[in-house]
Amino acid sequence: MTIENISSNKVMGGWHKQYSHTSTVLNCDMRFAIYLPPQASAQNKVPVVYWLSGLTCTDENFMQKAGALRIAAELGIAIVAPDTSPRGDAVPDADDKAYDLGLGAGFYVNATQAPWHVHYHMYDYIVDELPTLIEKHFPVTSQRAISGHSMGGHGALMIGLRNLSRYQSISAFSPIVNPVNCPWGQKAFTAYLGSNTQDWLNYDTCHLIKQAKQQAPMLVSQGGNDNFLTEQLKPEALVNAASEAEYPLEYCFEAGYDHSYYFISSFIEQHLRFHAKALNM
């Protein structure tokens, strides 16, 4: 599990670095970014927040736009931001180069359908391969939290709920909470998973929260002026499912905010402090 450093920038007393590596799960080369706060050292390992980005994003969007590094440096938390899908000339993309399928749109599932099944195993990459690599090469503990935005919010909630023993806390901005019932999810799941909608439920947060045998604290922030609110995001479905399951969801509806990184940067401090509390920081 070798990695290659491709960029390094000192920021807020710590280091933001990008690395590439060959993924055996995704059968291609991948890139991720990591922020190591000034407290991180071989003698003082720090916990990690894994950030999953949304459609069209890469590892760079959150690290550059969210304003998270100042708070991470204060709290002594590392942040890892992977890419949103496999990449490379051999990796299939949507025939029409659509933004919501293929490159940049892995939806954090393990694809079962051709041609996607060879490379699109983002679920296994995020849950197993990437944390193993991070914990081998960097001064971090096995304490983890997970967060994300939009498609990445879907990934964070779904992965967190399916792996409650691996994550101390879960959060999301503007997440796709019920992908089996929205156009983005239905398009991606049909392509990646096939037409059997029962298979889709394994990746649907509203279904999973009702099945959870354990609980971890969960925070969701949603902007009131989000132009995807009604058709794609449907946050009321998650609120109702959490209430039915008596799951500890903290839901914050923020009037006037949209789907952009302006929204994320406005509330990222709240989310990181939420995770720090769960991580006993």
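**View 1. Helix H10, with its bend at Phe-267.** The bend at a residue is the angle between two fitted axes, one through the seven residues ending there and one through the seven starting there. By that yardstick, H10 in this predicted model bends by about 50° at Phe-267. What about its end-to-end span? H10 covers residues 261-278, and at 1.5 Å a residue its 18 residues should span 26 Å; the end C-alpha atoms sit 24 Å apart, which agrees. Phe-267, where the helix bends, is also one of the buried residues of H10. Others on that buried list include Tyr-261, Phe-263, Ile-264, Ile-268, His-271 and Leu-272.

**View 2. The open sheet and its nine strands.** Reading across, the strand order is E1-E2-E3-E5-E4-E6-E7-E8-E9, with mixed pairing. Why is one side of E1 and of E9 left without a neighbour in the sheet? Strand E1 (4-11) and strand E9 (249-254) stand at the edges, so each has a single partner strand. From one strand to the next, the twist averages 20°. At the E1 end, seven bridges tie E1 to strand E2 (residues 14-23), and the two run antiparallel. Pick out Asn-9 and you'll find its bridge partner in E2, His-16.

**View 3. Helices H3 and H9 against the strands.** Helix H3 (residues 122-137) packs on the sheet and touches E2, strand E3 (28-36), strand E4 (46-52), strand E5 (78-82) and strand E6 (140-148). The direction of H3 makes about 145° with that of E6. Helix H9 (residues 235-245) lies across strand E8 (218-223) and E9, and runs at about 155° to E9.

**View 4. Ser-174, in the loop between strand E7 and helix H5.** E7 spans 169-173 and H5 spans 183-193, with Ser-174 in the loop between them. Is Ser-174 buried or exposed? Ser-174 is buried: its relative accessible area is 0%. Setting aside neighbours within four places in sequence, its contacts include His-149, Ser-150, Ser-221, Asp-226 and His-259. Phe-263 is another contact of Ser-174, and Phe-263 is itself a buried residue of H10.

**View 5. Two nonpolar cores.** The largest has 72 residues, and those with the most contacts inside it are Phe-107, Ile-134, Ile-159 and Tyr-192. Which helix gives the most to this core? That's H3, with eight residues. Zoom in on Tyr-192 and, not counting residues up to four places away in sequence, you'll see it touching Phe-107, Val-109, Trp-116 and Tyr-120, among others. Apart from the largest core lies another, of 27 residues, among them Trp-51, Met-63, Ala-68 and Ile-71.

Definitions and conventions. Residues numbered from 1 in each chain as written. Predicted model: local features only at pLDDT ≥ 70, side-chain atom pairs only at ≥ 80, totals over all residues. Heavy atoms only, no water. Pairing = 2+ DSSP bridges. Helix = DSSP H or I, 4+ residues; strand = E, 2+ residues; numbered from the N terminus. Axes fitted to C-alpha atoms, helices over the stretch in contact; angles between N-to-C directions. Contact = heavy atoms within 4.5 Å. Buried < 20%, exposed > 50% of the residue type's maximum accessible area, 1.4 Å probe, protein only. Core = buried A, V, L, I, M, F, W, Y, C linked by side-chain atoms within 4.5 Å. Expected span 1.5 Å × (residues − 1).
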